[in-house]
Amino acid sequence: MGFPAKANTNKESKGAMRLFLVFFPQHPNKTIRRTSSGLLFTKALFTISLCALFLLLFTLSTFQVELEPSNPILPRSRRFSSSHWFFPVLGHKPLQRRKTPAASFALQGMGTLYRRGTKAMNDLVVGHVVEDVGEDDLRLFLRVLHRSGVTSRADTVFLFGSSSLSSRFSFVIHEENDSFFNLIRHYNGSTGKGLRGSVLSFDSTQFWKSGKKEVKETVWGKKGRGSYSNSTNESTRLTYGSVVGFDVHELDPENSLAGFLDHVPMSLRRWACYPMLLGRLRRNFKHVLLLDVKNSMLLSDPLGRVRNRSPESVYIWTKESSSGKHSKRNSEKTQSHHLVNSGILMGGARGIRRLSNAMLTEIVRATMQHRKKSSISESGVLSQLVGNGHILKNVNLIKSTESIQEVSSLMGLSPNSASDYSIIQRGNNNNNNNNNNNNNNHDLNSVIMKLICLIEVESSAYRDC
């Protein structure tokens, strides 16, 4: 009766030995002999080894590494499983160092947060990026924007025509953000804190606020995240706005104007994005500036003109139109001689939001009335809308009597003139001269970049100086 049990024991021992030899192989020419006590030791050692292996695998699969930011920008943390490093044969790629920080959502699961500001701002700058904007155009816009002091009181939103465009410009935006912080650090350690020797000099005093004050958290990004501060005095704090970007497909997923136009250019589609963007931010900002990134630059803060106005106010500029001199009737000539400059609009948040909603409706109406869809111009539609007092009766329109200076006149401006010419125009929007305008803009970009690099105490903040 005891003989079968002994056979089973031998079978179990042989099976255990086979498993043990997988983990602890012996030389094939040696004969293995084990006593009964040796078999118990072998089984115990096998069990311990197997448990240790499972524990190691479990630990590696659950262990996560959180990447910590090394600069003032606060990106969303990315987590990677360490098992990717332990099993390279499974096809997982090794970790590579990113050139830009990991992206974070800007608002309610949409957009990209490039830089989180120190507090909630009252002003908002929305720059739309048209299809033919180059990296040099965006870099110059950002560099002058950071130096203007506007971002000490306003958040900046970029509206891109596609996700690929926003990814393409991500590095430029991050690099100019880093250059801004380099300037701040430079003047934080000096006594002058940025003396304005020219119209393009950097005045860091605009970003330092005195007095202890509880600040409201910015609307962008995750709540409860800390922000960068390099204050050496408890009563002085560094203040700057957020920089974010949105893809038009996020704000206008259905491409609302696609049913009325064969091709919807960025200059028109942006008006379909403003209702959602400004609608979600209606309680967060008091003043809004809509700006064409390619053709405009800010030398100083222009929103001071509307801060004391009603929330329904909208400030507009006009420009001359060459089509006016070809009109047959004097009345038509008078109406078409001055077109509203659609590249620059600013005012109270309520007024800008109402104008945007009306502009979208006006674009649809214009496309239905014109047989040639390609003949519809953004500036022409906006001019018709402004001329119709009934549609915009709930908007307080303020027409500026001054003209926007060209970039070519920048050379003759003194530091004190920056407030008088807060907005500079890089070129006109005449479609017949697009090639000439692109060449002129490229030359002017180079000249302005060189002027900035000539400021010796600040040129070290930029890699291209």
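Is His146 buried or exposed? In this predicted model, His146 is found in helix α4, which spans residues 135-148, and the residue counts as buried because its relative accessible area is 4%, where under 20% is required. The side chain of His146 makes a polar contact with the side chain of Asn177, at a distance of 3.3 Å. When neighbours within four places in sequence are left aside, the residues in contact with His146 are Arg115, Thr151, Glu176, Asn177, Phe180, Phe202, Phe207 and Val243, so that Asn177, the partner in the polar contact, also appears in this list because contact means heavy atoms within 4.5 Å.

For the protein as a whole, the secondary structure comes to twelve helices and 15 strands. Of its 465 residues, 45% count as buried. Among the contacts between residues at least 6 apart in sequence, 75% join residues at least 24 apart. Helix α10, made up of residues 378-387, is mostly covered, with eight of its ten residues buried; the buried residues of α10 are Glu378, Ser379, Gly380, Val381, Leu382, Ser383, Leu385 and Val386.

The count of salt bridges comes to 14, and several of these can be described in turn. In one of them, the side chains of Asp123 and Arg307 meet with an N to O distance of 2.5 Å. This pair links distant parts of the chain, since Asp123 belongs to strand β4 (residues 123-128) while Arg307 lies in the loop between β10 (296-298) and β11 (313-320), and the two are 184 residues apart. The two partners are also assigned to separate burial classes: Asp123 counts as buried because its relative accessibility is 2%, whereas Arg307 counts as partly exposed because its relative accessibility is 22%, a value that falls between the limits of 20% and 50%.

Helix α4, which holds His146, also contributes arginine residues to salt bridges. Arg139 forms a salt bridge with Glu176, the closest N and O atoms being 3.1 Å apart, and this pair again links distant parts of the chain, with Arg139 in helix α4 and Glu176 in helix α5 (residues 163-188), 37 residues apart. Both Arg139 and Glu176 are buried, and Glu176 is also one of the residues in contact with His146. A further salt bridge joins the side chains of Asp464 and Arg143, with an N to O distance of 3.1 Å; here Asp464 lies in the segment after α12 (456-459) and Arg143 in helix α4, the separation along the chain being 321 residues. Asp464 counts as partly exposed because its relative accessibility is 44%, while Arg143 is buried, with a relative accessible area of 2%. Through salt bridges that share partners, Arg139, Arg143, Glu175, Glu176, Arg463 and Asp464 are joined into one network.

Attention may next be given to a pair of packed helices. Two packed helices are described by the angle between their axes and the distance between the axes. For helix α7 (residues 266-280) and helix α9 (residues 349-369), the angle is about 140 degrees and the axes are 9 Å apart, and the crossing of the two helices is left-handed. On the side of α7, the residues that take part are Leu268, Trp271, Ala272, Tyr274, Pro275, Leu278 and Gly279, and these meet Ile352, Arg353, Ser356, Asn357, Met359, Leu360 and Ile363 of α9. By class, the residues of this contact divide into ten nonpolar, three polar and one charged.

With regard to backbone geometry, a positive phi value in a residue other than glycine is found at Gln108, where phi is near 50 degrees. Gln108 is located in the loop between α3 (83-86) and β3 (112-115), and it counts as exposed because its relative accessible area is 59%, over the limit of 50%. Asn255, likewise a residue other than glycine, has a positive phi near 50 degrees and lies in the loop between α6 (248-251) and α7. With a relative accessible area of 24%, Asn255 is classed as partly exposed.

How values were computed:
Residues numbered from 1 in each chain as written. Predicted model: local features only at pLDDT ≥ 70, side-chain atom pairs only at ≥ 80, totals over all residues. Heavy atoms only, no water. Axes fitted to C-alpha atoms, helices over the stretch in contact; angles between N-to-C directions. Helix = DSSP H or I, 4+ residues; strand = E, 2+ residues; numbered from the N terminus. Left-handed = near helix turned anticlockwise from the far one by under 90°. Nonpolar A, V, L, I, M, F, W, Y, C, P; charged D, E, K, R; others polar. Buried < 20%, exposed > 50% of the residue type's maximum accessible area, 1.4 Å probe, protein only. Polar contact = N/O pair within 3.5 Å; in protein donor to acceptor, adjacent residues only side chain to side chain. Salt bridge = Lys/Arg side-chain N within 4 Å of Asp/Glu carboxyl O.
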